[in-house]
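Visitor: I am new here. Please walk me through this one, step by step.

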Amino acid sequence: MQKPPAVILAGGRSSRMGGGDKGLLPFGAGCLLTHVQARLAGQAGRVALNANGDPARFADLGLPVLPDSLPDQPGPLAGVLAALDWAAGLGAASVLTVAGDTPFLPPDLTARLSGVGGLALAASPDDRGVLRDHPTIGLWPTGLRHDLRDWLSAGQRRVRGFTQAHGATRVIWPAGFVDPFYNVNTPAQLDHARSILSRHDLP
């Protein structure tokens, strides 16, 4: 199976972290983004980063930086659109998107999402056993880019609204000792993620 290209979505404002580039915060031997990048190794073809502002601050990652094509940072779907347009330019049939604050992505992410066909999105149970969708982590057919551009141009912003309208399939992962889609939004969550990293050898 040819591995799809992947885009790490890091175009948000990180308001709950106090602003700035959350993905560049120290994590293990690198930063959050380098861990996400490492989790994609072997799972994706070419990898790019969706981020806004001066791309030079991400130079150490060695990735192409894709800004939102729409003004005013209208949310994660704008990053997905940038990913779809980039992947379509590569001639890819689909693109994998992941959030830039999810350092524990599973090693079978691409394989399982690819197995269902069409638009496939990740889900996992939270610490109470309640199933949570992760709509920015998924495999998107590049043919959806036209519908997504129209959706955003009409002022629609909800990721779930768009994915439901296009028949997304939910692919469920078990949580294990850590939710593979644990995302870091606050300083406390960053400390918790660092604690997990220090105590466990992750596959």
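Visitor: How many helices and strands are in the protein?
Guide: Keep in mind that this is a predicted model. The protein combines both kinds of element. The count is six helices and nine strands.

Visitor: How does the radius of gyration compare with the globule rule?
Guide: For 203 residues the globule rule gives 17 Å. The protein comes close to that, so it is as compact as a globular protein of that length. Its radius of gyration is 16 Å.

Visitor: What does the C-alpha trace span along its principal axes?
Guide: There is one span for each principal axis. The spans of the C-alpha trace are about 45 × 35 × 30 Å.

Visitor: What share of the residues count as buried?
Guide: A residue needs under 20% relative accessible area to be buried. The share is taken over the 203 residues of the protein. It comes to 46%.

Visitor: What part of the accessible surface belongs to carbon and sulfur atoms?
Guide: The accessible surface of the protein is about 9400 Å². The part from carbon and sulfur atoms is 52%.

Visitor: Among contacts between residues at least 6 apart in sequence, what percentage join residues at least 24 apart?
Guide: These contacts link residues separated along the chain. The percentage that join residues at least 24 apart is 70%.

Visitor: How far apart are the mean positions of the positive and negative charges?
Guide: The protein has 18 positive and 16 negative charges. Each set has its own mean position. The two mean positions are apart by 3 Å.

Visitor: How many aromatic pairs are there, and how is the pair of Trp140 and Phe162 arranged?
Guide: Rings pair if their centres lie within 6.5 Å, and the count comes to five aromatic pairs. The centres of Trp140 and Phe162 are 6.5 Å apart. Planes under 30 degrees apart count as stacked. Theirs are at 25 degrees, so the pair is stacked.

Visitor: Which parts does the pair of Trp140 and Phe162 tie together?
Guide: Both residues are buried. Trp140 lies in strand E8, residues 131–141, and Phe162 in helix H5, residues 159–165. The pair therefore ties together parts 22 residues apart in sequence: E8 and H5.

Visitor: Which residues form one aromatic cluster?
Guide: Two Phe residues and one Tyr take part. The cluster is Phe27, Phe104 and Tyr182.

Visitor: Is Leu113 buried or exposed?
Guide: Leu113 sits in helix H3, residues 109–114. Beyond four places in sequence, the residues it touches include Leu96, Gly138 and Trp173. Its relative accessibility is 0%, so Leu113 is buried.

Visitor: Which residues is Asp101 in contact with, leaving aside neighbours within four places in sequence?
Guide: Asp101 is in the loop between strand E6 (94–99) and H3. Its relative accessible area is 9%, so Asp101 is buried. Its contacts are Lys22, Tyr182, Asn183, Val184 and Asn185.

Visitor: Does Ser69 count as buried, partly exposed or exposed?
Guide: Ser69 lies in the loop between strand E5 (65–66) and helix H2 (76–89). Its C-alpha is 8.3 Å from that of Gly79, ten residues apart in sequence. At 48% relative accessibility, Ser69 is partly exposed.

Visitor: What separates the C-alpha atoms of Gly42 and Pro107?
Guide: Gly42 is in the loop between helix H1 (32–40) and strand E4 (47–50). Its relative accessibility is 54%, so Gly42 is exposed. Gly42 and Pro107 are 65 residues apart along the chain. Their C-alpha atoms are separated by 8.6 Å.

How values were computed. Residues are numbered from 1 along each chain as its sequence is written. This is a predicted model: local features need pLDDT of at least 70, side-chain atom pairs count only at pLDDT 80 or more; totals for chains, interfaces and linings use all residues. Side-chain values use heavy atoms; hydrogens and water are left out. Helices (H or I, at least four residues) and strands (E, at least two) are DSSP runs, numbered from the N terminus. The radius of gyration is taken over C-alpha atoms; the globule rule is 2.2 Å times the number of residues to the power 0.38. Buried means under 20% relative accessible area, exposed over 50%, partly exposed in between (1.4 Å probe, protein chains only). Contact means heavy atoms within 4.5 Å. Accessible areas come from the Shrake-Rupley method with a 1.4 Å probe; for residues, only the protein chains shown count as cover. Lys and Arg count as positive and Asp and Glu as negative; His and the chain ends are not counted. The place of a charge is taken as NZ of Lys, CZ of Arg, CG of Asp or CD of Glu. Rings of Phe, Tyr and Trp (its six-membered ring) pair if their centres lie within 6.5 Å; planes under 30 degrees apart count as stacked, over 60 as edge-to-face and the rest as tilted.
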